[in-house]
Every structure is written in C-alpha cells, then in structure tokens.
Amino acid sequence: MESPVDQQGGDADRPHWPGPDRPKRRPEMPAESEMLLRKAFESDVRKGIELLFRWYYRPLCSHVVRYVSSREIAEDIVSDVFYKFHRDNVFEHVETSFRAYLFTAVRYSAFDYARVEMKRNTSLEYAEYVTLQPENQPDHITQYEDLYNDVQNAINTLPQKQRRIYLMNRHEGKKYAEIAAELGLSLRTVESQMYGAMQELRRIIRAKWFFLLLLLFH
Amino acid sequence: MKDQINAELIFRYFSGNATAFEKELINEWSADPQARERLFIWLQEWENQNLQYAADDENAIARHFIRMEDGTPPEEKEQQETPRIRRWTWKAGLIAAATAAAVLTAGWLGFDEIRYQTYATGYGQIERLELPDGSRVVLNANSTLRVPRFGFGNLSREVYMTGEADFAVIHTENHQKFIVRTEEDFAVEVLGTEFNVYARPRRSRVVLNKGKVKLLYLNGQREEQLLMKPGDLVNFDAAGHAEVKRTENPQHFSAWKAHRFVFENESLRDICDQFEDNFGLEIHIPDSTLAALTISGSFTAISAEELFEILAEGSGFSYQRSADGKTITLSY
C-alpha cells in the first residue's frame, strides 16, 4: 500500500500528450499519486476530506504565507478553498488533480489579497472586495512567484527592529501585547512600528505592482 | 524545451533565483495542463522541504467540519471576559416592582425617569452593562441607553439608544424579540445575536457579528425592512438610504470596547468625525488631500491625541492643539 509520503516523488516517464491536439479530458495523473485520495473520496467523503487536509494543508499554508506573510490570513485563505471544495462537491467534477486545483485556487486568492492590500491607504478608489473571476488570473504563471518573492524581499528591507516586530506579529501570530512584553517595549511602540512596517511594505509593493494588479482585476 | 525543465530549475525558480530567460521557458512550458500538474507536484515537494511553518492540520480539519455543519466560520474565541458593572437581579426587579406600585398609585407613570433606567456615558468613557435578561451591552463614549424598568423580558424586550453600543443579546426560551430603537429613524430587531449599532446624527451604521437581525428603517416616508447576515454592514445616510456592505472582520467594529481602534480603509475625516463625537473635540483638517487619506490598522489609544501621535509618525502629518484644548488641527 502506498503511503502519502511517497506520493510526491517524481515519475518522469509518464506519457505526454502532444501539444496541439491535447484532448479536453482530464490529464493523466502523473505518479498516480492521488489514487489513494480518490479512493478515499469514493468510499467516504469525510475520510477523503481528512486525507486531503493531511496531504495538502501544510504545503498550501506554507505557500500562501509567502504572499500574505500572516499565518492567520494564510490559513483563512486555504481553509476557504477546502470549504468550497467540499461544499460544492468539487471533487466530483474537477478536471485536474486535486493538488493542482487546490494550489491554483489558493494562488488566485493570495493574488487577490495582494490586490486588495494594494488599494488600502490610497485615496485613488475605495477597496471593494470583488471576488476573483477565473479569467482574471495573471497572464503568466511566473507572476505568482515574482509576487511572493517581491513580498519577501520587501520585508527584508525593513529596519531590523521593525522587521522583527512585523514577523513576530504576522508570521508567529503573536499579539501586540505579547510582543511588547517579550521585547520590553510599550504597546504603543509596537503598534506604531507595525503601522510603519505595513505602510512601507505597501509602498514598496505598490511601486512595482500597483498598475499591474489594477489591470489584472478590472 | 521539456528537457530543460527539471526539478533543479523549478526549485531555483520557486526560490526566486531563476533568470528572466528561464522564467520565459517556464511560462511557455506551463501553458500545458500536464506541465502544470508537474509544476504543482514540484511546488508541493518544494514547500514540504522548505515549510515556512507547520500549520496545524488536525485543528483545521476540526474547524472545517464545524463550518460545514453551521455554514458559518467557527467563532474566534477572542472575547475577553467583561467585568460586570451592574448586575440586575430578580430581587432588584421585585424592589423595582414594589416601587412601581407606589409610584403608580401616586400617578406618576408619565415620567420617563420612572419608566426607564437610563445609562449615559461622558466623553471618553466606556460602560459595560448587563440587562435583566442576561444580555450584555457595552456603551461607547457620549452615548445613552434607556431600558424599561418594568416588564422588560416579560412583555417585551425593547431598549432605546443614542451614540454607539455593542450588544450581545441572549436568545430566550420563548424566542422573545429584542428591539433596539434609535433616534435616527431605524430600529434593530433580533432574537439572539451579537451586533454593533452606531446611531449619531452624522452617520448611522449597524454591523452584525453573528446570527441574524432585521433592520426596520424609514427611507424618506416609506418604512422598509432588511435582513442582515453575519459580516453585513449597513450604513445609513442622512436621507435614510441604506447601503449594505460586507466586512471580513465584523469584530473590528467592536474593538473600541477595549480602547482599540481598528480602521479598514477609513478616511482621516471620517475617523475624526467619530473622534469629535466620542471625545467632544473639534478637529480641523484644512488640507483636503490629508482629509481624504485613508487609514488601515489597529491602535490602542485612550484619547484622540494618543492616536494622532501614532498616525502622525507613520503617515507624515502633524497636529496642533489649541490653547483651550478643545480644537485640534491636522496638517502636513
């Protein structure tokens, strides 16, 4: 019996469809890796969902946190995707692997989150939370990696104290009061450092991404 | 092209170390659904090798199934215990009833002071109350709440408020309605839920935390109704038009209970309007660009001045207080 752990390995010799007349049907699953998962869903949806969480929840959260740099927000985004996957019985008709569906969906949401963030603190327009339409995804898959790498680089440019406070709050999920106690600072210093850090990060990301994000989603 | 795409290149790409040329290759290659399947296998592998942190999947599973049953996200347990300032007991009720009998015979019933217990907060004050039915109310600064002394919880549950208040209403066994009436031509009708009501002449707003509420309001001369869902935020303009919005964080609108201010994209002018009402100040912002500056973030401040100090530092404006301390001017 295969265990989830060896599912993720490569299988370089799977057949490729020739490009142009690629059939509309579901692509062959590389590495048969989701067989076990599909079987679990067939016998008991609840068991299937549990397995889905155990396989994918962690890598998905780890991925999303690179864009949103908050565990809490990352987990909300990932949990929402799982929720819709279950509620709408996506597992019955999804055309790709569950893995590809989940990663694609959380990356959309992470991108959309960046778009909303971008529009904060600007008087240009009011940030309405518009649900992302599938056709509005970035043109190039590499824009996803560019975005989270830019976010990480921007965090690295923050002054050390600010960065430390920012990461303690956003990454480790510590409350302002806990950070203040741990670093021996006043609550208000922590709050003003956080505010300063958020402003600076938005400024950096906006400089490169603002117009692109607006174009993408409108 | 496929031959050039391998795990080593893709991992380098995930880490942000691919060249522009390599990215171009990846873009072309990944147009194919099968290539994308491969990409996500590698992404999963790469994330598992470079976990940013180990998310708690068991907890996530538990929350997921709760949410599937309820249809709503599980409640964040952030509620700090609220110390009770006033506890109304049935004994107090009896005494009140006895007094009432005396009053009745004296024929004084017409006086509001007798019929209602009135709570009022001054500028900068917050008060926590518990009503006879166990429902809890937190009154924000410069606000009032009137509660009938007699029959509350028996005949009906109706209160009258001005200013801003946060309600946690208990659902009674007999499903008795709880009605909040305001002076701004709207009322909120609920069975048992948590919500925040802001009812001042300049603007009115209701935010629903959980459960369901019915809004009754006057739109011009017409009486209208609106059902709110958790996360709904309804703003009323001066003419009585209702505008329904969604908020991701309804609890932020109750943050003032802990002297916290949470702003989601609010203009400095709107924030100052609230401060004028809460702290009894007059705030001038002569520069219209500054007035339109939108602010997001969460701050702890006991006074308006403390908040301006933090904001001024982050957003690059300054503030002056007049000699009598009543007027604040913000400028770049």
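Q: Over which residues of chain B does pLDDT stay under 50, with 21 contacts beyond four places in sequence?
A: In this predicted model, that applies to residues 74-91 of chain B. A second stretch of chain B, residues 103-110, also stays under 50, and there the model has 7 contacts beyond four places in sequence.

Q: How should such stretches be read where pLDDT is low?
A: Where pLDDT is low, the predicted coordinates should not be read in detail.

Q: Which elements of chain B have the lowest and the highest mean pLDDT?
A: Helix α5 (residues 90-106) of chain B has the lowest, at 53, and strand β3 (residues 136-139) of chain B has the highest, at 91. For chain B as a whole the mean is 79, with 86% of its residues at 70 or more.

Q: And what are the ipTM and pTM of the model?
A: The ipTM is 0.74 and the pTM is 0.51.

Q: Turning to the contact, how many residues does each chain give?
A: Chain A contributes 53 residues and chain B contributes 46 residues.

Q: Which element supplies the largest share on the side of chain A?
A: That is α3(A), with 12 residues. By class, this side of chain A has 21 nonpolar, 19 polar and 13 charged residues.

Q: Now the open sheet in chain B: what is the strand order?
A: The order of its 3 strands is β15-β18-β17, with mixed pairing. The edge strands are β15 (282-284) and β17 (318-321) of chain B. From one strand to the next, the twist averages 20°.

Q: In which sense do β17(B) and β18 of chain B pair?
A: They pair in the antiparallel sense, over 4 bridges. B:Ser318 stands opposite B:Ser331 in β18(B).

Note on methods:
Residues are numbered from 1 along each chain as its sequence is written. Chains are lettered from A and ligands numbered from 1 in the order in which they are written. This is a predicted model: local features need pLDDT of at least 70, side-chain atom pairs count only at pLDDT 80 or more; totals for chains, interfaces and linings use all residues. Two residues are in contact if their C-beta atoms, placed from the backbone, lie within 7 Å. Helices (H or I, at least four residues) and strands (E, at least two) are DSSP runs, numbered from the N terminus. Ala, Val, Leu, Ile, Met, Phe, Trp, Tyr, Cys and Pro count as nonpolar, Asp, Glu, Lys and Arg as charged, and the others, Gly among them, as polar. pLDDT is the predictor's confidence in each residue, from 0 to 100. Two strands pair if DSSP finds at least two bridges between them. Axes are lines fitted to C-alpha atoms, for helices over the stretch in contact, and angles run from 0 to 180 degrees between N-to-C directions.
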